[in-house]
Amino acid sequence: MPEAFAVVNCSQLVSLAGAHRPRIGGELRNLAVVEDGAILVRGDRIEAAGRRRDLEQLITDDFEVIDAGKRVVMPGFVDAHTHPVFAGIRANEFEQRASGATYREIAARGGGIRSTVRATRNASLKDLVKAGKRYAEWFLRNGTTTIEAKSGYGLTIEDELKILRAIKQLNEATPLNYVATFLGAHDIPSEYKTRRQTYVNLIINEMLPRVAEERLAEYCDAFCEEDVFTTDETWQILSAARCHGLGLRIHADQLSLSGGARLAAELNAATADHLEHTDMAGIVALKGASVQPVLLPGSVYALGSKQYPAVREMIDAGLAVVIATDFNPGSSPTPSMPMVLSVACTQMKMTPAEAITAATINAAYSLGRGDEIGSLEKGKRADFVIHDCEDYRELAYFFGIEHASHVFVAGKLAFSQVISEARP
Ligand SMILES: [Zn+2]
């Protein structure tokens with residue numbers, strides 16, 4: 001790409017310009033859409049975004065002009081909850097679940113997360129990076145330009161470090177941007193089942209200091225659930241993580257009302273994720289501590305459950321809702337944010353605009369990057385997508401297809417696909 005270029009003839013420039021903070025309540029419905037919009041890029045930055053007729057005089061001879069062909073242009077999706085580094089897949093368990101087995105039954109047979117942990121421990125760093133590159137391409141072709149990426153399938157010091165190093169290499173080797181989260185507290189590994197506190201101590205005394213020292217993660221997460229990490233164990237781990245300067249995220253109230261949301265509030269975590277079973281008291285607590293909920297409807301869908309989180313209550317309570325894919329080989333094997341938009345609208349009854357806000361600017365704020373990405377505004381990094389549709393609502397309406405035709409990261413073309421000229 002040249003140093004400067006302009007994308008013109010955008011049917012809708014979905015800018016999400018607005019207050020410099022996460023969006024709440026009715027603000028989630030305001031995408032700041034500009035009809036017949038244009039965006040000007042110089043180097044890796046957005047130089048201007050707005051109405052074409054207002055920007056035309058700025059498009060000087062040094063700009064290359066790209067015609068968007070009356071298509072939607074919007075920020076790249078920010079996927080704030082993924083598990084993208086693992087070995088092996090679990091299509092066999094998917095078949096077992098389709099035949100009636102439950103997630104818990106499969107786990108009791110040694111399947112579930114433990115089978116991914118075994119495969120990931122056996123994989124080399126090179127193997128993990130190779131698999132991770134394939135998934136990075138999947139994210140990009142679905143219009144995602146930044147992901148939060150968790151470790152958590154190693155559960156030993158060396159294997160957790162190996163996964164975090166793979167995330168670092170993927171961030172350098174692919175156009176996709178990664179924000180690393182240490183999730184050594186994803187599960188109690190089988191060799192510690194009868195010595196839980198020993199494993200908690202291993203995370204606190206040995207894993208966290210190494211992760212912090214090597215600057216391999218910005219956030220620390222823990223799976224808070226009665227039969228995984230109790231609220232007390234989660235508190236110990238996340239308090240230690242905060243002392244190392246890491247931001248906090250929590251897998252909370254996914255399988256039961258275990259107190260994870262209230263703990264997230266108590267710890268002033270950046271996010272509380274999942275929240276399928278969170279009650280009104282938990283929602284009020286999250287609001288009081290400005291914790292952002294990260295909802296993962298793709299995992300509810302893929303597990304065949306009906307227990308979606310209470311998003312309407314959360315929006316009404318003033319929470320800055322985020323939605324994400326939860327991409328992982330067990331409960332949510334999708335990297336597709338458009339698919340998550342579809343499920344959010346059809347199953348949780350979010351409006352398309354609310355879902356898009358939750359998948360872009362609010363997600364960016366949940367990762368501490370609200371000033372850098374998530375909207376199309378002067379000075380932000382030029383991470384944006386041309387989608388092959390005329391109206392942004394089509395992204396959630398037509399489901400199961402890849403809408404993105406051109407994906408730009410930091411002003412560079414990171415993915416493109418040939419699109420049909422035949423459109424009504
Ligand atoms: Zn997760």
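Helices here are DSSP runs of H or I with at least four residues, numbered from the N terminus. With that in hand, we can begin our tour of this predicted model at D159, which lies in helix α6.

**A buried aspartate in α6**

Is D159 buried or exposed? Its relative accessibility is 13%, and since buried means under 20%, D159 counts as buried. The side chain of D159 makes a polar contact with the side chain of T156, at 2.8 Å. Leaving aside residues up to four places away in sequence, D159 touches R121 and G154.

Helix α6, residues 157-173, also helps to cover another helix: α2 (91-98), α5 (125-141) and α6 are included in what covers the buried residues of α4. Those buried residues of α4, which spans residues 113-122, are I113, S115, T116, V117 and T120.

**The sheet**

Now turn to the strands. Eight of them form an open sheet with parallel pairing, in the order β5-β6-β7-β8-β9-β10-β11-β12. Which strands are at the edges? They are β5 (77-82) and β12 (322-323), and each of these pairs on one side only.

At the β5 edge, the partner is β6, residues 144-150; the two strands run parallel and are joined by four bridges. If you would like one pair of residues to look for, find D79, which stands opposite I147 in β6.

**Two helices side by side**

Follow the sheet to β7 (177-185) and β8 (219-224), and you will see helix α7, residues 196-213, lying across both strands. The angle between α7 and β7 is about 150 degrees.

Helix α7 also has a helix partner. Two packed helices are described by the angle between their axes and the distance between the axes. For α7 and α8 (residues 231-243), the axes come within 10 Å and cross at roughly 5 degrees. Angles under 35 degrees count as roughly parallel, and α7 and α8 are therefore roughly parallel to each other.

Which residues meet between these helices? From α7 come R196, Q197, V200, I203, I204 and L208, and from α8 come E233, Q236, I237, A240 and A241. Sorted by class, this contact of α7 with α8 has seven nonpolar residues, two polar ones and two charged ones.

**A histidine in β10**

Strand β10 covers residues 271-274, and H274 is found in it. H274 is buried, because its relative accessible area is 1%. Its side chain makes a polar contact of 3.1 Å with the side chain of E276. Not counting residues up to four places away in sequence, H274 touches several others, among them H81, H251, Q254, L295, S299 and D326.

**Two residues with positive phi**

Two residues deserve a look for their backbone angles. Phi of D36 is near 50 degrees, a positive value in a residue other than glycine. L275 is not a glycine either, and has a positive phi of about 65 degrees. Where do they sit? D36 lies in strand β2, residues 33-42, while L275 is in the loop between β10 and α10 (280-288). D36 counts as partly exposed, whereas L275 is buried.

To finish, here are the accessibility values for the four residues discussed singly.

| Residue | Relative accessible area | Class |
|---|---|---|
| D159 | 13% | buried |
| H274 | 1% | buried |
| D36 | 37% | partly exposed |
| L275 | 0% | buried |

Conventions: Residues are numbered from 1 along each chain as its sequence is written. This is a predicted model: local features need pLDDT of at least 70, side-chain atom pairs count only at pLDDT 80 or more; totals for chains, interfaces and linings use all residues. Side-chain values use heavy atoms; hydrogens and water are left out. Two strands pair if DSSP finds at least two bridges between them. Contact means heavy atoms within 4.5 Å. Axes are lines fitted to C-alpha atoms, for helices over the stretch in contact, and angles run from 0 to 180 degrees between N-to-C directions. Angles under 35 degrees count as roughly parallel, over 145 as roughly antiparallel, 65 to 115 as roughly perpendicular and the rest as oblique. Ala, Val, Leu, Ile, Met, Phe, Trp, Tyr, Cys and Pro count as nonpolar, Asp, Glu, Lys and Arg as charged, and the others, Gly among them, as polar. Buried means under 20% relative accessible area, exposed over 50%, partly exposed in between (1.4 Å probe, protein chains only). A polar contact is a pair of N or O atoms within 3.5 Å; within protein, one must be able to donate a hydrogen and the other to accept it, and residues adjacent in sequence count only if both atoms are side-chain atoms.
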